[in-house]
Amino acid sequence: MNFSIADIFSPQFASALLAIIVIDLVLAGDNAIVIGLAARNVPVKDQKKVILWGMFGAIAVRIFLTTIVVYLLKIPGFLLAGGLALIWIARKLVTDEGGSEHNIAAKSSVRSAIGTIIVADTVMGVDNVLAVGGAAQGSWLLVVIGLAISIPIVIWGSRIILKYVEKYPIIMYIGAGVLAWTSCKMMLSEPFLKNFLEHQLWGKIAIYALAFEIAVLWPWLQSKNQRLAKISLIPIALILGIAAFTLSTNAL
């Protein structure tokens, strides 16, 4: 969907922008933390230089990756693959202990520290640009706004985000829910799937239900009560059964 300046106040634009903001809040913070970790062993007089150049490098990488993702989303099948990848990212967000991801080597020289930041941000930024690209629905206007929002988060927001996420873990589940919702929108925008499910309401409901079960409900219930997690599979199985029945009925 290509949004224009005139569409800024439309509900579709507002919902897509809100999704991008939440995605940036829950995913871009990790990239900001990397900058601080990589620069911690550099002499104090050079730390600002490392953070500044590391920040510019991270921003350049993010712009490059986002540009590639927007074009890749036009390839047949990529929306479906991207949607499935986002479900995995959403689940990883709420189930990871987070130990290895932030195990960034602190370098003592300015050049090596900047290099560490850029390499780490390239690896860790893929999930963010994929999510933002999907939520933007191919709109360059939303992509630019998404980048503009993520940049100050990377620069200033990590400590604030980390503080509130540790205090209110529900924030991560909200973020995972937004990612699951975005993944479903991406998959249902895939042309062959969109045409197949055009008049299949239960098929669409099944995709949303399964995505939220995998990414949000199951991990949350498992952390509370494993028995409840297993019980949550019953309504999902029922929805999938109804969807399969209606699809087979309409095919006849």
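How far from the buried E190 is K194, the nearest side chain of opposite charge? The close-ups below take up that question and several others, and they show a predicted model.

**Figure 1. E190 sits in the loop between α6 (170-189) and α7 (191-196).** The answer to the opening question is 11 Å, and E190 has no salt bridge even though it is buried. Which residues, then, does E190 touch, leaving aside its neighbours within four places in sequence? They are P76, G77, F78, L79 and L80. Two of these names, L79 and L80, come back in Figure 3, where they belong to the α3 side of a helix pair.

**Figure 2. The whole chain, for orientation, has ten helices and zero strands.** Reading along the sequence gives the pattern α-α-α-α-α-α-α-α-α-α. Of the 252 residues, 43% count as buried. Contacts in this chain often link distant parts of the sequence: among those between residues at least 6 apart, 81% join residues at least 24 apart.

**Figure 3. Helices α3 and α6 have axes that come within 8 Å and cross at roughly 170°.** The crossing angle is over 145 degrees, so α3 is roughly antiparallel to α6. On the α3 side, the contact is made by L79, L80, G82, G83, L84, L86, I87, I89, A90, L93 and V94. Facing them in the contact, α6 supplies M172, Y173, G175, A176, L179, A180, T182, S183, M186, M187 and S189. What classes of residue meet here? The contact of α3 with α6 has 16 nonpolar and six polar residues, with no charged ones.

**Figure 4. Helix α3 (residues 78-95) also pairs with helix α8 (residues 201-224), their axes coming within 9 Å.** The two axes cross at roughly 0°, and therefore α3 is roughly parallel to α8. From α3, the contact draws on I87, A90, R91, V94 and T95. From α8 come A211, I214, A215, W218 and P219. By class, the residues of this contact of α3 with α8 divide into eight nonpolar, one polar and one charged. Look out for I87, A90 and V94 of α3, which are listed here and also in the contact with α6.

**Figure 5. E213 is found in helix α8.** Is E213 buried or exposed? E213 is buried, yet it has no salt bridge. The nearest side chain of opposite charge belongs to R91, 7.6 Å away. R91 is one of the α3 residues in the contact with α8. Neighbours within four places in sequence aside, E213 is in contact with W218, P219, A229, S232, L233 and I236.

**Figure 6. V143 lies in helix α5 (residues 140-167).** Why does V143 count as buried? Because its relative accessibility is 1%, and the cut-off for buried is under 20%. V143 and T66 are 77 residues apart along the chain, while their C-alpha atoms are separated by 7.6 Å. T66 is also among the contacts of V143, along with V70 and A136, once neighbours within four places in sequence are left aside.

**Figure 7. V61 belongs to helix α2 (residues 44-72).** V61 is buried because its relative accessible area is 13%. Where along the sequence is V119 relative to V61? The two are 58 residues apart in sequence, and from C-alpha to C-alpha they are 9.1 Å apart in space.

Definitions and conventions:
Residues numbered from 1 in each chain as written. Predicted model: local features only at pLDDT ≥ 70, side-chain atom pairs only at ≥ 80, totals over all residues. Heavy atoms only, no water. Helix = DSSP H or I, 4+ residues; strand = E, 2+ residues; numbered from the N terminus. Buried < 20%, exposed > 50% of the residue type's maximum accessible area, 1.4 Å probe, protein only. Lys, Arg positive; Asp, Glu negative; His and termini not counted. Salt bridge = Lys/Arg side-chain N within 4 Å of Asp/Glu carboxyl O. Contact = heavy atoms within 4.5 Å. Axes fitted to C-alpha atoms, helices over the stretch in contact; angles between N-to-C directions. Parallel < 35°, antiparallel > 145°, perpendicular 65-115°, else oblique. Nonpolar A, V, L, I, M, F, W, Y, C, P; charged D, E, K, R; others polar.
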